[in-house]
Amino acid sequence: TMHHSRPTNTSLSELHLTGIPGLQDLHHWISLPFCIMYLVTLAGNSTLLYVIKADPSLHLPMFLFLSMLAVIDLVMSTSITPKMLGIFWFRSTTISLGACLTQMYFVHAFSVMESGVLVAMAFDRYVAICNPLRYLSILTSPVVAAIGLAAFLRAVVFMSPLTFQICHLPLCSPAVVDHSYCEHMAVLKLACGDAAFSNAYSLSVSTYVGSFDSLLILLSYALILRAVLSLSSPQARKKAFSTCSSHLCVMALFYVPGLLSMYMQRYHQDLPPHAQVLLADIYLLIPPAFNPLIYGIRTKQICDGARRVISR
């Protein structure tokens, strides 16, 4: 049984990803929903980007942030899913150390970036609902570009030290990563050197990003809620609620599994490994597949834009 034996003498220029530890016999079945979600991610986000680009009426800050989210989701899921499906279908578990570190960097940096864009989208809704007359004078194109750049730079600044540290830690045999992608904590378990700093750093960065960003988002939605409840027309209230509820769905999809998977891994060592890995996979696979569906279907302008693009 190829997948129970652990290769011990591999040179550490390459590692082996186990897929979902303990569930190797079910890999073919697990690959089906994963594959479908990936195809939905590709189709949904590409369509969203195409519609927003093709329809001039959608060239507004809200949809520019939505485009950023779509690009991030495409990159994030493409950095892990093809390799994961390779493991599930062909048992191609080997990954070079360079590819592993690159994958790790992309996954974690783009998660931080997505978090930043979600904050920007919450701010965008706050301005649109609480300050509608000044919306376009506050969120000008340069401001939107600056916010996007800030989200990008923050991710690079936070995640580069993490990858740099792992590059300089000696890794020990057996070079087996009990995960379906190169997740930082899973790779860190191979370190023979002192990994305490790397451990503490990654925990503090993810806690900071997760809690700081979700607090900012909750704050903007609390202010939005206050403004919405003071709107006189039920029509306006309904419209504002509908936009915000779809946003909150996306935020919950992103933060809840993310923080859960991180803390489970640290503090619930009795949790079976496959549960931890599945949680981490779902956290990276579900939001990219559902974001375009939630926004595309629940946002009237996007539905109308799609119709105009199709009828053209």
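**Close-up views of a predicted model**

**View 1. Two annotated stretches are seen here as helix from end to end.** Over residues 29-51 the chain is 100% helix and 0% strand, with 34 Å between the end C-alpha atoms. This is a predicted model, so please read every view that follows in that light. Residues 275-297 likewise come out as 100% helix and 0% strand, and here the end C-alpha atoms lie 31 Å apart. Both stretches carry the annotation "transmembrane region" in an unreviewed UniProt entry, which also lists residues 63-85, 105-123, 135-156, 208-229 and 241-263.

**View 2. Helix H2 packs against helix H9.** H2 spans residues 61-90 and H9 spans residues 273-298; their axes are 9 Å apart and make an angle of about 140°. The crossing of H2 past H9 is left-handed. On the H2 side, look for Leu66, Leu69, Asp73, Met76, Ser77, Ile80, Thr81 and Met84. H9 meets them with Asp281, Leu284, Leu285, Pro287, Pro288, Asn291 and Tyr295. By type, the contact residues are 10 nonpolar, three polar and two charged.

**View 3. Three strands form an open sheet with mixed pairing.** The strand order is E2-E1-E3. Strands E2 (94-96) and E3 (176-177) sit at the edges, each pairing on one side only. Helix H3, residues 97-130, packs on this sheet and touches E1 and E2, its direction making about 85° with that of E2. Strand E1 (residues 14-17) runs parallel to E3, and two bridges join them. To find one bridge, start at His16, whose partner in E3 is Val176.

**View 4. Ser198 is a buried residue of helix H7.** H7 covers residues 196-229. Ser198 has a relative accessible area of 3%, and because buried means under 20%, the residue falls in that class. Which residues does Ser198 touch, not counting those up to four places away in sequence? They are Leu162, Gln165, Ile166, His184 and Leu188.

**View 5. Gly305 of helix H10 touches residues far away in sequence.** H10 runs over residues 300-311. Is Gly305 buried or exposed? With 0% relative accessibility, Gly305 counts as buried. Leaving out residues up to four places away in sequence, Gly305 touches Val51, Asp55 and Leu58. Ser57 makes a handy landmark: 248 residues separate it from Gly305 along the chain, while their C-alpha atoms are separated by 7.7 Å.

Key
Residues are numbered from 1 along each chain as its sequence is written. This is a predicted model: local features need pLDDT of at least 70, side-chain atom pairs count only at pLDDT 80 or more; totals for chains, interfaces and linings use all residues. Side-chain values use heavy atoms; hydrogens and water are left out. Axes are lines fitted to C-alpha atoms, for helices over the stretch in contact, and angles run from 0 to 180 degrees between N-to-C directions. Helices (H or I, at least four residues) and strands (E, at least two) are DSSP runs, numbered from the N terminus. A crossing is left-handed if the near helix is turned anticlockwise from the far one by less than a right angle, and right-handed if clockwise. Contact means heavy atoms within 4.5 Å. Ala, Val, Leu, Ile, Met, Phe, Trp, Tyr, Cys and Pro count as nonpolar, Asp, Glu, Lys and Arg as charged, and the others, Gly among them, as polar. Buried means under 20% relative accessible area, exposed over 50%, partly exposed in between (1.4 Å probe, protein chains only). Two strands pair if DSSP finds at least two bridges between them. UniProt positions are given in the numbering used here, feature names are shortened, and annotations may be inferred rather than shown by experiment.
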